[in-house]
Amino acid sequence: MVIHKSRRSMELWSNGATIARYRIALGFEPVGPKQFEGDGKTPEGVYTIVQHNEKSNFFRSLKLNYPNATDEMNAAATGKKPGGLIMIHGLPNNKTAEMVGHPNQDWTEGCIAVTDEEIMDIWRRTDKGTAVLIMP
């Protein structure tokens, strides 16, 4: 999986080819890598899907292994916590795309958001351990 923050797009890859592409929304302060909890940024780097969550505050979510050791070290250098619970998820439960401005507004706290239909597609196509490259 490759996420291009500046393009607001996510691609799923298989055998060297793109098999799906989605428009995404990001954290409310999308420019630059996540540095600490509450900064509204979406991380940049290589992560892994570590959990499929059906009982989320959003219509399903895929938890990433953020923070990694580098993220923890960078946050500690600022004297702050790195935060956590960075996910790829659908819309908030009981809300429509229009209600949150998806995908034209960046509305998450640092997660990567897609529509409910798209998270179902991504859910079916990814396994625990799937690599996720998040690029600026």
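Here are legends for three close-up views of a predicted model.

As this is a prediction, local features need pLDDT of at least 70 and side-chain atom pairs count only at pLDDT 80 or more, while totals for chains, interfaces and linings use all residues. Residues are numbered from 1 along each chain as its sequence is written, and side-chain values use heavy atoms, with hydrogens and water left out.

**View 1. Glu11 and its surroundings in strand E2.** Glu11 sits in strand E2, residues 9–14 (strands, E, are DSSP runs of at least two residues, numbered from the N terminus). With 6% relative accessibility, Glu11 counts as buried (under 20% relative accessible area, 1.4 Å probe, protein chains only). Not counting residues up to four places away in sequence, Glu11 touches Met1, Val2, His4, Thr18, Ala20 and Arg21 (contact means heavy atoms within 4.5 Å).

**View 2. Polar contacts of the Glu11 side chain.** Look here for the pair with the Trp13 side chain at 2.9 Å and the pair with the Arg21 side chain at 3.3 Å. A polar contact is a pair of N or O atoms within 3.5 Å; within protein, one must be able to donate a hydrogen and the other to accept it, and residues adjacent in sequence count only if both atoms are side-chain atoms.

**View 3. Strand E5 with E4 and E6.** Strand E5 (residues 61–64) is covered on both faces, with Ser61 and Lys63 buried on one side and Leu62 and Leu64 buried on the other. In a regular strand, side chains alternate between the two faces of the sheet. E5 pairs antiparallel with E4 (residues 45–53) over four bridges (pairing requires at least two DSSP bridges), and three bridges join E5 to antiparallel E6, residues 87–89. Ser61 is the bridge partner of Asn53, and His89 in E6 is the bridge partner of Ser61.

Methods: Buried < 20%, exposed > 50% of the residue type's maximum accessible area, 1.4 Å probe, protein only.
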